[in-house]
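User: I'd like to go through some labels and ask what backs them up. Can you take them with me?

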Amino acid sequence: MPSPTKKTPTTKMKRSATAFRAAAALGAAAALLVALGGCGRTDTTAPSSVRTADVRARFGPVDCREAKCVALTFDAGPSEHSARLLDILKEEQVPATFFLMGRKHVDRYPALVRRMADEGHELANHTWTHRRLTDLAPEEIREELTRTDDAIERLTGRRPTLMRPPQGRTDATVHEICRELGLAEILWSVTAKDYATTDSDLITRRVLTQVSRDGIILLHDLYDGTVPAVPGIIDALKKRGYVFVTVPQLLAPGKAEPGKVYR
């Protein structure tokens, strides 16, 4: 048992989540502009426009040209809540796309990263320290992305092909560096703003109000209210006829192109 003065991993993660929540709150006003509309003048590509007309979907039996597909995505993990989330996804047979953060997440929970990969989820890049890429010099952007890619590849044997810029902030420099690194940028069409609430019912309602076919749902598995909301979100969307897929499955048989932005 740890001594009274020693911080437990749970305490550290709660403090990390608190700091992350504070940073997110500071950028909430700007992020809200991004949430449903992309990144200002940034051109984005819809999943439906990526699919070709004559080729069957390459990812299993789901063809999103015919099925009503939706993608669950989770940012800034793994965290202390991720094991429970993976249990839920496994029980519901729902694949997800995890945009993983490096420092204090990938490096703290390597077993969870491996489990995500082993259970068929898509692992993607959410930078090493969650700094806004549009505020950084080019070499700093490369460091944020390359270090996270390297860490995920060491653990899983597979290098990410997708990334999500913190707060959705991106620009021409980010696009060019992502192109060089083989990364496509994935934004979202649905946000629960779960960084601002622990109310799981509210998170569920926000998702269900916004979702539509080909939706990309943004959630964060490090916040206390998010994972408890996931079963209700899955159940309600299944009842509405949605099929859950990863982001690559959502685009199939097309493929995300490095340096381009998808929403």
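**Labels and their reasons**

Analyst: Sure. This is a predicted model. Strand β3 (residues 122-125) is covered on both faces: Glu122 and Ala124 are buried on one side, Leu123 and Asn125 on the other.

User: What makes β2 and β3 a pair?

Analyst: Pairing takes at least two bridges. Strand β2 (residues 97-100) and β3 have four bridges, in the parallel sense, so they count as paired. Thr97 stands opposite Glu122 in β3.

User: Why is Arg164 with Asp75 called a salt bridge?

Analyst: The cut-off is a side-chain nitrogen within 4 Å of a carboxyl oxygen. Here the closest N and O atoms are 2.8 Å apart, so Arg164 and Asp75 qualify. Arg164 sits in the loop between β4 (162-163) and α8 (172-181) and Asp75 in strand β1 (residues 69-77), so the pair ties together parts 89 residues apart in sequence.

User: How do you know whether Arg164 and Asp75 are buried or exposed?

Analyst: Buried means under 20% relative accessible area. Arg164 has 0%, so it's buried. Asp75 has 2%, so that one is buried too.

User: Why is Asp87 called partly exposed?

Analyst: That label lies between the 20% and 50% limits. Asp87 has 35%, so it fits. Asp87 also meets Arg115 in a salt bridge (2.7 Å, N to O).

User: And what makes Arg154 exposed?

Analyst: Exposed means over 50%. Arg154, in helix α7, has 66% relative accessibility, so it counts as exposed. Arg154 is one of the residues forming a positive surface patch, along with Arg103, Lys104, Arg108 and Arg147.

How values were computed:
Residues numbered from 1 in each chain as written. Predicted model: local features only at pLDDT ≥ 70, side-chain atom pairs only at ≥ 80, totals over all residues. Heavy atoms only, no water. Patch = residues over 30% accessible without salt bridge, like charges linked within 9 Å, V, L, I, M, F, W, Y side chains within 5 Å. Areas by Shrake-Rupley, 256 points an atom, 1.4 Å probe, with all protein chains shown as cover. Lys, Arg positive; Asp, Glu negative; His and termini not counted. Charge placed at Lys NZ, Arg CZ, Asp CG, Glu CD. Helix = DSSP H or I, 4+ residues; strand = E, 2+ residues; numbered from the N terminus. Buried < 20%, exposed > 50% of the residue type's maximum accessible area, 1.4 Å probe, protein only.
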